Amino acid sequence: MRIALHILCVVVVLPYLALAVGFLLLGHAMASGSLLGFVESLLYKAIWLVSWRSLVIVGAVLLVTALGFSARTRWLGAACVCLVAAGCAIVILVIGVDSLSQLLFLAPCVGSAVGAGWLAAEEWPSRRQTEGVA
């Protein structure tokens with residue numbers, strides 16, 4: 001059951017991660033000041049992402065997902081998911097949430113952060129040793 005919760009949290013966070021990264025990239029590109037600078041900045045970012053870095057990102061997502069399959073490392077994977085989910089929610093909130101419907105859009109991301117945080121706290125190694133579950 002805990003493995004399923006971990007995988008669910010990872011799957012829920014992925015679209016929010018893409019959205020947060022997109023907002024950050026667009027904000028950085030808009031800071032260039034002109035349309036040509038905006039397009040040039042986006043093209044450089046696209047070239048940067050399309051090279052090997054996209055494989056590294058996919059590998060990192062798979063690694064965090066794989067950490068949830070082992071009882072020894074589940075706390076680490078859940079902590080990573082919790083931090084990423086919280087960071088994405090903060091970025092999206094700072095970019096601008098101006099209505100209740102937009103705030104409700106963040107509910108799955110916040111729920112994933114809470115679920116992953118609970119899982120990380122439950123699977124924490126020192127807590128498991130004191131309960132004799134190790």
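## Six helices, no strands

The chain's secondary structure adds up to six helices and zero strands; here helices (H or I, at least four residues) and strands (E, at least two) are DSSP runs, numbered from the N terminus. Read from the N terminus on, the order of elements is simply α-α-α-α-α-α. The chain is more spread out than a compact globule, because its radius of gyration is 18 Å, well over the 14 Å that the globule rule gives for 134 residues. That radius is taken over C-alpha atoms, and the rule is 2.2 Å times the number of residues to the power 0.38.

Before going further, a word on what you're looking at: this is a predicted model, where local features need pLDDT of at least 70, side-chain atom pairs count only at pLDDT 80 or more, and totals for chains, interfaces and linings use all residues. Residues are numbered from 1 along each chain as its sequence is written, and side-chain values use heavy atoms, with hydrogens and water left out.

## The chain as a whole

Picture a box of roughly 60 × 40 × 20 Å, taken along the principal axes: that's what the C-alpha atoms of the chain fill. About 8,500 Å² of the chain is exposed, and carbon and sulfur atoms supply 77% of that area. Accessible areas come from the Shrake-Rupley method with a 1.4 Å probe, and for residues only the protein chains shown count as cover.

How much of the chain is buried? Buried residues make up 24% of the 134 residues, where buried means under 20% relative accessible area, exposed over 50%, and partly exposed in between (1.4 Å probe, protein chains only). As for contacts (heavy atoms within 4.5 Å), take those between residues at least 6 apart in sequence: 69% of them join residues at least 24 apart.

## The nonpolar core

The largest nonpolar core has 16 residues, and Y16, A20, V81, A85, C88, I92 and C109 touch the most other members. The elements giving two or more residues to this core are α1, α3 and α5 (107–122). The largest share, six residues, comes from α3. A core of this kind is a set of buried Ala, Val, Leu, Ile, Met, Phe, Trp, Tyr and Cys residues joined through side-chain atoms within 4.5 Å.

Now zoom in on C88. Leaving out residues up to four places away in sequence, C88 touches Y16, L17, A20 and C109.

## Cysteines without disulfides

How many disulfides does a search of the whole structure find? Zero. To count, a pair of cysteine sulfur atoms has to be within 2.5 Å. C109 doesn't make a bond because its sulfur is 5.6 Å from the closest cysteine sulfur, in C88, which is too far. With 0% relative accessibility, C109 counts as buried.

C82 has a similar story to tell. The closest cysteine sulfur to that of C82 is in C9, 8.9 Å away, so it is too far for a bond. C82 counts as partly exposed, at 22% relative accessibility.

## A kinked helix

Helix α2 (residues 35–67) has a kink of about 65 degrees, centred on R53. The bend at a residue is the angle between axes fitted to the seven residues ending there and the seven starting there. Which residues of α2 are buried? They are G37, S41, V64, T65 and L67, and they pack against α1 (2–30) and α3 (74–96).

T65 counts as buried because its relative accessibility is 17%. Not counting residues up to four places away in sequence, T65 touches H6, I7 and V10.

## Three more residues to find

S112 sits in helix α5. Is S112 buried or exposed? S112 counts as buried, since its relative accessibility is 4%. Setting aside residues up to four places away in sequence, S112 touches C9, V12, V13 and V81.

L19 belongs to helix α1 and, at 29% relative accessibility, counts as partly exposed. With residues up to four places away in sequence not counted, L19 touches I92 and F105. The C-alpha atoms of L19 and L103 are separated by 14 Å, and these residues are 84 apart along the chain.

G27 is also found in helix α1. G27 is partly exposed, with a relative accessible area of 39%. From C-alpha to C-alpha, G27 and P108 are 24 Å apart in space, and they are 81 residues apart in sequence.
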